[in-house]
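Dear colleague,

I am handing over the structure below, and my notes on what was found in it follow directly after.

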Amino acid sequence: MARKVAVFVGSLRKDSFNRKLALALADLGKDFLDLSLTPLEGIPLFNQDLESDPPQAVLDMRRAAAEADGVLFVTPEYNRGLPAVLKNAVDWGSRPAGQSVWAGKAGATAGISPGAIGTAVAQSQLRPILVMLGMRLMGQPEVYITGGPGYFDLAGGVADGGNRVFLLGFLRNFAAWLG
Ligand SMILES: Cc1cc2nc3c(=O)[nH]c(=O)nc-3n(C[C@H](O)[C@H](O)[C@H](O)COP(=O)(O)O)c2cc1C
């Protein structure tokens, strides 16, 4: 049976390139990985006063991560940094102390941006946070994509054959990384 991967997208934008990338990855890998996007829209800002009795959206998000064999973070870069929406989700998943959903979980990161460095800074900020939380993070291949609407075809797939081969390689590596 295909291994389950919870996908966290760091953009709430309707036409998000990162959401498109996540959906394209789910389709590309569907024969050997079961990738599901985890809704982050209803997640409030983290408040430690609420961590012992979190809102339902947080419980749903935590369950998606806990039940998955691995977690894939697909993130934009905002002002040379990690989007708050993703850091917020990571913080909710890490609490209460001793009940983190990240510890020991296999993980990987990816991202797409029209900018020249393709989310490298955002991912470079995210990765040490995930490592500190005890995730088993895949190192290679790195997925720093410079691209916009033209990266995708009209059906939402990845338009270029070479890019599809690269992303399929990334997914196969991640499937192996899940063990
Ligand atoms: C607040 C803000 C800051 C941004 N900063 C960066 C940046 O530092 N580097 C970058 O490559 N793109 C930056 N961008 C452009 C985003 O890469 C672009 O809006 C992208 O489409 C966002 O990802 P999404 O399509 O998944 O929503 C920024 C966009 C916004 C809204």
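A residue is called buried when its relative accessible area is under 20%, exposed when that area is over 50%, and partly exposed in between. The model is a predicted one, and by that scale Asp60, with a relative accessible area of 36%, is partly exposed, as is Arg63 at 40%. These two residues form a salt bridge whose closest N and O atoms are 3.5 Å apart, and both lie in helix α2 (residues 56–67), three residues, or about one turn of the helix, from each other.

The search of the whole structure finds eight salt bridges, among them one between Lys87 and Asp91 with the closest N and O atoms 3.0 Å apart. Because Lys87 and Asp91 are four residues apart in helix α3 (residues 84–93), about one helical turn separates them. Another of the bridges joins Asp27 to Lys30 at 3.2 Å between the closest N and O atoms; Asp27 counts as partly exposed at 47% relative accessibility, whereas Lys30, at 53%, counts as exposed.

Turning to the interior, the largest nonpolar core has 30 residues, and Leu21, Leu35, Leu72 and Phe170 are those with the most contacts inside it. A second, separate core of 22 residues includes Val58, Leu82, Trp92 and Leu130.

Phe170 also belongs to the lining of the largest cavity, together with residues including Ala108, Thr109, Met138, Pro141 and Val143, each of which Phe170 touches. About 60 Å³ of space lies in this cavity, and its lining residues divide into six nonpolar, three polar and two charged.

With best regards

Methods
Residues are numbered from 1 along each chain as its sequence is written. This is a predicted model: local features need pLDDT of at least 70, side-chain atom pairs count only at pLDDT 80 or more; totals for chains, interfaces and linings use all residues. Side-chain values use heavy atoms; hydrogens and water are left out. On a 1 Å grid over the protein atoms alone, a cavity is a set of points where a 1.4 Å probe fits but cannot get out, and a pocket is an open set with protein on both sides within 12 Å along at least five of seven lines; lining residues have an atom within 4 Å of a point. Grid points are joined across faces, edges and corners, and a volume is the space filled by probe spheres set on the points. Ala, Val, Leu, Ile, Met, Phe, Trp, Tyr, Cys and Pro count as nonpolar, Asp, Glu, Lys and Arg as charged, and the others, Gly among them, as polar. A nonpolar core is a set of buried Ala, Val, Leu, Ile, Met, Phe, Trp, Tyr and Cys residues joined through side-chain atoms within 4.5 Å. Buried means under 20% relative accessible area, exposed over 50%, partly exposed in between (1.4 Å probe, protein chains only). Contact means heavy atoms within 4.5 Å. A salt bridge is a side-chain nitrogen of Lys or Arg within 4 Å of a carboxyl oxygen of Asp or Glu. Helices (H or I, at least four residues) and strands (E, at least two) are DSSP runs, numbered from the N terminus. Lists of a residue's contacts leave out its neighbours within four places in sequence.
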